[in-house]
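Q: Pick one part of this model and give me a close look at it. Then work outward, so I can see how it sits in everything else.

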Amino acid sequence: MGLTIAQKIIKEHLVSGEMTAGSEIALRIDQTLTQDATGTMAYLEFETMGVPQVRTELSVAYIDHNTLQSGFENADDHRFIQSMAKKYGLRFSRPGNGICHQVHLERFGKPGKTLIGSDSHTPTGGGIGMLAMGAGGLDVAVAMGGGAYYITMPKMYKVNLTGKLRDFVTAKDVSLEILRILSVKGGVGAVIEWGGEGIKTLSVPERATITNMGTELGATTSIFPSDEITKAFLEAEGRGDDYIELKSDDDAVYDKIIDIDLSTLEPMIACPHSPDNVVKVSSLKGTKVDQVCIGSCTNSSLLDMLKVAALLKGKTIKPEVSLSISPGSRQVLSMLADCGALSDILASGARLLECACGPCIGMGFSPNSGGVSLRTFNRNFEGRSGTADGQVYLVSPETAVAAALTGEITDPMLLGKMPEVTMPDAFKIDDSAVILPASPEEAKDLPILRGPNIKPFPDSKPLGDDLSTQLTLKVGDNITTDHIMPAGAKILPYRSNIPHLSQYCFGVCDETFPKRAKAAGESIIVGGSNYGQGSSREHAALVPLYLGVRAVIAKSFARIHAANLINAGIVPLTFKDPSDYDLLTQGDDLEIKDIYAGLDSGTLILTDKTSGKEIALVCDFTERQKAILKAGGLLKYVGQGNL
């Protein structure tokens, strides 16, 4: 039986385990990346391990999230990360150099390599044939120290593309279409491989848009073959030697196959407040638009920006619309300026923002109260924009431009003829904003620079055999990490200060939760299906840990968040019968006894002391995960000599 692309890379990097779907495997990691919203904690964790230098082929620390320096906090974190990178052997991408996923695709990603990043959209690297996965910061820290990355061996899904996209129909529309088909939990436990004759019509930036958005499916990762299109992209970046051909075997077996005819697709739009709430753009014709944002790691490539510039050239956006443009990297911005496209964008009335994540994580440019904002981003979770009642829609750059020009949601196919856009044969190469580390000999005497906002990693304690506590919070389905630990300009500067950050935990759902959790001492949270979807931010586990949460019981979990809970020493449990969710009420007194025996048997019994009901819970963990939980989290497990 032949192998898929992902299976070939996994086989090449397998440290332990069997390549059987559902079993735990350990992978050797070639590359890592962090960004500053998650990086500070990751480097505090790495420092605790006592490893003198990173042991990967390449590790890069990016500054792209917390670039709004309205106080000392973000600047201090940047300085800390830069000093860590210089001392421990990482490259440091300075603020303004660009969004981690865009820059990594341009300058560092290699087909056939493994990459994990402390950002859930790390699968962007699948656009050039990497096995690229989002992970918690602690998992990234372990990988930097030379440890393996543990995942459940994923199932294999195949999406066959045929035909060719029509003008004004884009890779973003392909992403939204697969979200419409599968939903935000339809890819859980799977790698999604894209193939078929239709992929030959897609450039690397278009492929990267699709793999980036695969994160919203809950997929482990998404991947394209490495072919002549990949080779041309790498050669244009001056990295032709990094190319290898990579494709699946003709007799590879897939758990699910989906066929999409590109020629039949129309412009699509995801409505508030979920990326899978997808309809045709034409169905919302005439909806008034207040704001348009173009950029993010999904749609900020040179190709995207050149199309935007061509559509805006000689035109003026509606006075009622505010339009922002965020190029994905300094390379993109510089090339836009050199060819005159930037002038066309600015002449339209658009506002140019920094080469950073910006509005995507609520870092500025929030919409007006109740405002309709069309964004080329990957997430439209409630409140994520920074405006609690903002109505955020996800669209392609072409649909975004159509809305900016008309002041309402408009099918871009009505704009007339699509201007011809050609990509350069060579990109402008300038890596001067990537600072190289010191030599190992020089590094020994280098100081680590810490600001007063950087607080210690929250302490955890070993898992006891009995837990008797209160249900302090009950939430519903599809709770995101933005619900658990919000982003935004007011909160993100405190990502390295867990005590301060804790007061915002679950603020979107229940502002009283932090106070109640602290008062309870120890507590349990109950959630619905797909609990913890979205960002890989481990703060969504570390902050509940600080607040005394010992277990989360849900109908199902998102992959990365479940791993982050285990790493923090919080037990993620699922209902044996999902309908038992309805038996529990916030405020109930709960008890779980004989936890160690239950971990071994795979079943625990929860007693609701308030109602007298008993509920069976599933605790299906590997031996390694059990050991981590019993130790009190991954950091303590590693401290016992288990790197």
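A: A residue is called buried here when its relative accessible area is under 20%; over 50% is exposed, and anything in between is partly exposed. By that cut-off, 63% of the 643 residues in the protein are buried. Bear in mind throughout that this is a predicted model.

The part I'd zoom in on is helix α17, residues 539-546. Of its 8 residues, 7 are buried, so the helix is largely enclosed by the rest of the structure. The buried run goes His-539, Ala-540, Ala-541, Leu-542, Val-543, Pro-544 and Leu-545.

What does the covering? The list includes the helices α2 (36-49), α14 (481-484), α15 (498-501) and α18 (559-568), plus the strand β23 (549-554). After α17 comes Gly-548, which has a positive phi, near 95°.

Now step a little way along the chain. Phe-513 is in contact with Leu-547 and Val-549, and Val-549 falls in β23, part of the cover over α17. Leaving out neighbours within four places in sequence, the other contacts of Phe-513 are Thr-472, Leu-473, Cys-505, Phe-506 and Ile-525.

Phe-513 also matters for the bookkeeping of the largest nonpolar core. That core has 103 residues, and Phe-513 is one of the members touching the most others, along with Phe-506, Tyr-531, Leu-573 and Leu-617. The biggest contribution to this core comes from helix α5 (residues 137-144), which supplies 6 residues. Apart from this core there is another one, with 57 residues, including Ala-132, Val-289, Val-395 and Phe-427.

Cys-505 has come up already, so a word on the cysteines. There are 0 disulfides in the structure. Cys-357 is in none, and the nearest cysteine sulfur, on Cys-100, sits 6.1 Å off. Cys-357 counts as buried because its relative accessibility is 9%. Cys-509 is unpaired too: its nearest cysteine sulfur belongs to Cys-505, at 9.2 Å. At 36% relative accessibility, though, Cys-509 counts as partly exposed.

For a change of scenery, there is an open sheet of 4 strands elsewhere along the chain, in the order β11-β10-β9-β12, with parallel pairing. Its edges are β11 (221-223) and β12 (256-261), each pairing on one side only. From one strand to the next the twist averages 20°. β12 pairs with β9 (residues 155-162) over 6 bridges, and one concrete register point is Thr-162, whose bridge partner in β12 is Asp-261. Helix α6 (residues 171-182) packs on this sheet, touching β9, β10 (190-195) and β12, and its direction makes about 135° with that of β12.

Zooming all the way out, the protein has 21 helices and 27 strands. The C-alpha trace spans about 70 × 60 × 55 Å along its principal axes. A compact globule of 643 residues would have a radius of gyration near 26 Å, and the 24 Å found here agrees with that. Long-range contacts carry much of the picture as well: among contacts with a separation of 6 or more, 77% join residues 24 or more positions apart. You can see a local case of this back at α17, where the cover includes α2, at residues 36-49.

Notes:
Residues are numbered from 1 along each chain as its sequence is written. This is a predicted model: local features need pLDDT of at least 70, side-chain atom pairs count only at pLDDT 80 or more; totals for chains, interfaces and linings use all residues. Side-chain values use heavy atoms; hydrogens and water are left out. A nonpolar core is a set of buried Ala, Val, Leu, Ile, Met, Phe, Trp, Tyr and Cys residues joined through side-chain atoms within 4.5 Å. Buried means under 20% relative accessible area, exposed over 50%, partly exposed in between (1.4 Å probe, protein chains only). Helices (H or I, at least four residues) and strands (E, at least two) are DSSP runs, numbered from the N terminus. Contact means heavy atoms within 4.5 Å. A disulfide is a pair of cysteine sulfur atoms within 2.5 Å. Two strands pair if DSSP finds at least two bridges between them. Axes are lines fitted to C-alpha atoms, for helices over the stretch in contact, and angles run from 0 to 180 degrees between N-to-C directions. The radius of gyration is taken over C-alpha atoms; the globule rule is 2.2 Å times the number of residues to the power 0.38.
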